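Take a walk through the inside of this protein. Keep the sequence and the model side by side as you read.

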Amino acid sequence: MTTPAFTPRVFSGIQPSGGLTLGNYLGAIKRFVQMQDEAFETIYCMVDLHAVTVWQDPADLRRNTRELAAGFIASGISPEKSIMINQSQVPEHAQLGWIFSCVARMGWMQRMTQFKDKAGKNTQNVSLGLFGYPALMAADILIYHATHVPVGEDQKQHLELTRDIAAKFNHDYGVDFFPLTEPVIEGAATRVMSLRDGSKKMSKSDPSDASRINMTDDADAIAKKIRKAKTDPDALPSEVAGLEGRPEARNLVNIYAALNDQTVDAVLAEVGGQQFGAFKPLLSDLAVAKLSPISSEMARLMADPAEIDRILAKGATQAREISAPILDKTYDIMGMVR
Ligand code: ATP
Ligand code: MG
C-alpha cells in the first residue's frame, strides 16, 4: 500500500519515438483520461529523453513530440485539469535520473526484458542510455512523488524496479522520502499485440506499419490492416476459455472489448460462432468510429504548433514547482552542499 502521507498523484509518459498506436491508446491514454477525473493530481509527459535512447531524426522528433501532445489533448486530456509536459523541458527528470543510476544495481538492470527485447543480439552496439532507461523512468515518476502510474502490461517490470529504487534510497539514507508507487494496469487491452504476430507487442517503433493501427490512420488504412490481420481458421468461441492458445483471436476480441468499453465475456456472448470474415468488418467499423474523431482533432491541433508549445511551456512551469523542491531535498538528504 502507498503511504497515505503522499498526495495521490498520477504520472505517466509516452515516447515521441513514432506516431501513437492503438496499443498506446488502449493500454495507457484511455486510463490517463479517466484518472484525470478521479481524486488525483495528474501529470502526463512526452518522454523525449527516452526516445533518444535510439537515434531520432531531429525533424521527426520535433514533429512527433507535438503530435503526441495533440494526441493527448484530442483523446480528452485537458491542459486545465492535468499538467502536460515535455520531459527535456523539466531538467529535474535527468538530474534525478543520474542519482538513480547510482542507486540501481547492475544486476537489477540486466534483468530488464525491455532492454533484451530492444537490444536483441546487438547488446554491444546499443546506447548506454537504452540500458539505463529504467533508472530515468523511475526518476520521471519519483521526481513528483507520484503514487500511481497507469501503464500497459509491458511496463510492469520497470514499475517494480521503480519501487526497488525508492526502497533502496529510503533504506540507504534512513528516510521515508520516496513513495512506493503503484502500477495501474487495467482494462481489456493492457497488452495489444501486433496484427502480424500474436506473440509480439504492438509498438510504434516496429518497422512494419502493417503490424499496428496508428491513431492517424484513415478509415481505409484501418479496414485494410484489420482485414489482413493474422488469424486462425476457426470461428470465434462463445466463452473466454475458447480463446486459449489462440493469441491472434484473443487480441482482436480484446481490442473490440476495450474500444467498446465491454468485457471480453460480453463481446463473446454477442459474436461467438462468427467467422473472422464477419467479425473483422465489425471491428473495423468500431475502430474507425472511435478513432476518427481523435485523428481529425489531432490534425486540427497540429495546424497550430505554437499553441501546443505554449501548453507545454505552461506545463513545464507548473511541473517544476513540484519537481525542483523534491530534487533539492534529495540532494540535501545525500549530503550535497546546497
Ligand atoms: P516504442 O516501440 O518506441 O517502445 P511503444 O509503442 O512501446 O513505443 P511507449 O512510449 O514505449 O510506446 O509506451 C507508452 C505507453 O503505452 C506505456 O504505458 C506502455 O505500457 C503502453 N503500451 C505500449 N505498447 C502497448 C501495447 N501494445 N498494448 C498496451 N499498452 C501499450
Ligand atoms: Mg515501448
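What follows covers the cavities, the cysteines, one strand residue and the aromatic rings.

The model is predicted. Keep that in mind throughout.

Start with the empty space. How many cavities of 30 Å³ or more does a search of the whole structure find? The answer is two. The largest has a volume of about 40 Å³. Its lining is made by Met112, Gln114, Phe115, Lys118, Leu130, Tyr133, Pro134 and His158. Two elements each give two or more residues to this lining: helix H6 (113-119) and helix H7 (128-142). Sorted by class, the lining has five nonpolar residues, two polar ones and one charged one.

Now turn to the second largest cavity. Its volume is about 30 Å³. Gln15, Pro16, Gly18, Gly19, Leu20, Asn64, Glu67, Leu68 and Met298 line this space. Which helix gives the most to the lining? Helix H3 (residues 58-75) does, with three residues. The class count here is four nonpolar, four polar and one charged.

Next, the cysteines. The structure holds zero disulfides. Cys45 is at 0% relative accessibility, so it counts as buried. Cys102 is at 43%, and therefore counts as partly exposed.

Cys45 also appears in the surroundings of a serine. Ser12 sits in strand E1 (residues 9-14). Is Ser12 buried or exposed? Ser12 has 3% relative accessibility; because the cut-off for buried is under 20%, Ser12 counts as buried. What does Ser12 touch, once its neighbours within four places in sequence are set aside? Its contacts are Phe32, Ile43, Tyr44, Cys45, Val149, Pro150 and Val151.

Phe32 leads on to the aromatic rings. A pair of aromatic rings is described by the distance of the centres and the angle of the planes. The count comes to nine aromatic pairs. One of them joins Phe32 and Phe72. Their centres are 5.9 Å apart, with 90 degrees between the planes, and the pair is edge-to-face. Phe32 belongs to helix H1 (residues 22-36) and Phe72 to helix H3, so the pair ties together parts that are 40 residues apart in sequence. Both Phe32 and Phe72 are buried. Recall two earlier stops: Phe32 is a contact of Ser12, and helix H3 gives three residues to the lining of the second largest cavity.

A further pair is formed by Phe115 and Phe131. The ring centres lie 5.1 Å apart and the planes meet at 80 degrees, so this pair is edge-to-face. Phe115 is in helix H6 and Phe131 in helix H7, so the pair ties together parts that are 16 residues apart in sequence. Phe115 is buried, with a relative accessible area of 12%. Phe131 is buried too, at 15%. Phe115 is familiar by now, as one of the residues that line the largest cavity. Helices H6 and H7 are also the elements that give two or more residues to that lining.

Finish with a group of rings. Which residues form one aromatic cluster? Phe100, Phe169, Tyr173, Phe177 and Phe178 do. Pick these five out in the model to end the walk.

Note on methods: Residues are numbered from 1 along each chain as its sequence is written. Chains are lettered from A and ligands numbered from 1 in the order in which they are written. This is a predicted model: local features need pLDDT of at least 70, side-chain atom pairs count only at pLDDT 80 or more; totals for chains, interfaces and linings use all residues. Side-chain values use heavy atoms; hydrogens and water are left out. On a 1 Å grid over the protein atoms alone, a cavity is a set of points where a 1.4 Å probe fits but cannot get out, and a pocket is an open set with protein on both sides within 12 Å along at least five of seven lines; lining residues have an atom within 4 Å of a point. Grid points are joined across faces, edges and corners, and a volume is the space filled by probe spheres set on the points. Helices (H or I, at least four residues) and strands (E, at least two) are DSSP runs, numbered from the N terminus. Ala, Val, Leu, Ile, Met, Phe, Trp, Tyr, Cys and Pro count as nonpolar, Asp, Glu, Lys and Arg as charged, and the others, Gly among them, as polar. A disulfide is a pair of cysteine sulfur atoms within 2.5 Å. Buried means under 20% relative accessible area, exposed over 50%, partly exposed in between (1.4 Å probe, protein chains only). Contact means heavy atoms within 4.5 Å. Rings of Phe, Tyr and Trp (its six-membered ring) pair if their centres lie within 6.5 Å; planes under 30 degrees apart count as stacked, over 60 as edge-to-face and the rest as tilted.
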